[in-house]
Amino acid sequence: MGAQLCFEANAKAPREALRFHAETKGAQVRLDTSGCTAHRHATFHDGIVFSQRPVRLGERVALRLLREESGWCGGLRVGFTRLDPACVSVPSLPPFVCPDLEEQSPTWAAILPEGCALVGDVVRFWVDRRGRLFAKVNAGCRLLLREGVPVGAPLWAVMDVYGTTKAIELLDPTASRLPTAMPWDLSNKAVPEPKATPGEECAICFYHAANTCLVPCSHTYFCRCCAWRVFRDTAKCPVCRRQIEAVAPAQGPSALRTEEGS
């Protein structure tokens, strides 16, 4: 796709704050003057953006979800690539990171689980020395998004401002106090909550379906919206008062996997 790979495993990256690469971006992406905010102008695709420099193993890429747009399916994608964005032919960029850019180049990305990050949330993602791609939303536990990322060469961060995700802002994780989350705003909720059938109502709002599990206590009496509000307000389960570490869908295999260490 008219790109150049970087193979120097020990290449030194300057310790400047991460910004979006100014030239190499999807056709619908608009950047602010600081290069820290990326906004998708129209449609639901062509929102690929890259970091302007390689990211070290273990270095957290921190971003805030600024805006969502209803009417689409799916949202933010994050990952890493060996493509040097300075050498990428912009017209050759595909509309999607997953699966298009992954199939065309040495790129490893993943979709954040639905509902785990809402407007105002801070998302951090990184790859460790074992080639595992992790993400973390606010103060929640880590999510293992994928494994098998090769770590023998420089990696640039790649993000896809896709679908319901309309705008994101890169943050400086070295700042003395990294913001955690903006105030909850129900008007920005992108995915409508299903109305409950009799007997399946959320124990808080008594309207939406109880479809969300609190981790680690596993209580499932709440809809996604109310569960996330409780997580942000008190981080304690209303039933057992146990500390909430994360929120996950109540049905199907959990997307959350934790491990010891950082």
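**Exercise 1. Locate Phe 206, then state its phi and its degree of exposure.**

Phe 206 is found in the loop between strand E12 (165–171) and E13. Helices (H or I, at least four residues) and strands (E, at least two) are DSSP runs, numbered from the N terminus. The model is predicted, so local features need pLDDT of at least 70 and side-chain atom pairs count only at pLDDT 80 or more, while totals for chains, interfaces and linings use all residues. Residues are numbered from 1 along each chain as its sequence is written, and side-chain values use heavy atoms, with hydrogens and water left out.

Step 1. Phi of Phe 206 is near 55°, a positive value in a residue other than glycine.
Step 2. Phe 206 counts as exposed because its relative accessibility is 60%. Exposed means over 50% relative accessible area, buried under 20%, and partly exposed in between (1.4 Å probe, protein chains only).

**Exercise 2. Is Asn 138, which also has a positive phi, buried or exposed?**

Step 1. Phi of Asn 138 is about 50°, although the residue is not a glycine.
Step 2. Asn 138 sits in the loop between strand E9 (133–137) and strand E10 (143–146).
Step 3. With a relative accessibility of 13%, Asn 138 counts as buried.

**Exercise 3. Describe the five-stranded sheet and the helix that packs on it.**

Step 1. The sheet is open, its strand order is E1-E4-E11-E6-E7, and the pairing is antiparallel. Two strands pair if DSSP finds at least two bridges between them.
Step 2. Strand E1 (20–25) and strand E7 (107–111) are the edges, each pairing on one side only.
Step 3. On average, neighbouring strands of this sheet are turned by 25° against each other, direction ignored.
Step 4. Strand E6 (residues 77–81) and E7 pair in the antiparallel sense over five bridges. Thr 81 has Thr 107 in E7 as its bridge partner.
Step 5. Helix H1 (residues 97–104) packs on the sheet and touches strand E4 (48–55), E6, E7 and strand E11 (155–160). The direction of H1 makes about 170° with that of E7. Axes are lines fitted to C-alpha atoms, for helices over the stretch in contact, and angles run from 0 to 180 degrees between N-to-C directions.

**Exercise 4. Find two cis peptide bonds and place their prolines.**

Step 1. The bond from Cys 98 to Pro 99 is cis, with omega near 5°. Pro 99 lies in helix H1.
Step 2. The bond from Val 215 to Pro 216 is cis as well, with omega near 15°. Pro 216 is in the loop between E13 and H2.

**Exercise 5. What surrounds Arg 40, and what does the side chain of Gln 28 reach?**

Step 1. Arg 40 belongs to strand E3 (residues 37–40) and counts as buried because its relative accessibility is 0%.
Step 2. A polar atom of the Arg 40 side chain lies 2.4 Å from the backbone oxygen of Thr 165.
Step 3. Leaving aside neighbours within four places in sequence, the contacts of Arg 40 (heavy atoms within 4.5 Å) include Gln 28, His 45, Glu 69, Trp 72 and Thr 165.
Step 4. Gln 28 lies in the loop between E1 and strand E2 (29–31). At 19% relative accessibility, Gln 28 counts as buried.
Step 5. The Gln 28 side chain reaches the backbone nitrogen of Ala 42 at 3.2 Å. Beyond four places in sequence, the contacts of Gln 28 include His 39, Arg 40, Ala 42 and Asp 46.

**Exercise 6. Which helix gives the largest share of the largest nonpolar core, and how is that helix covered?**

Step 1. The largest nonpolar core has 48 residues. Such a core is a set of buried Ala, Val, Leu, Ile, Met, Phe, Trp, Tyr and Cys residues joined through side-chain atoms within 4.5 Å. Those with the most contacts inside this one are Phe 80, Leu 112, Phe 125, Met 159 and Ile 168.
Step 2. Helix H2 (residues 224–233) supplies the largest share, six residues.
Step 3. Another core lies apart and has 10 residues, among them Val 88, Leu 93, Leu 101 and Val 158.
Step 4. Seven of the 10 residues of H2 are buried, including Arg 224, Trp 228 and Phe 231.
Step 5. The cover over the buried residues of H2 includes strand E13 (212–215) and strand E14 (246–249).
Step 6. Just after H2, Ala 235 takes a positive phi of about 55°.

How values were computed: A polar contact is a pair of N or O atoms within 3.5 Å; within protein, one must be able to donate a hydrogen and the other to accept it, and residues adjacent in sequence count only if both atoms are side-chain atoms.
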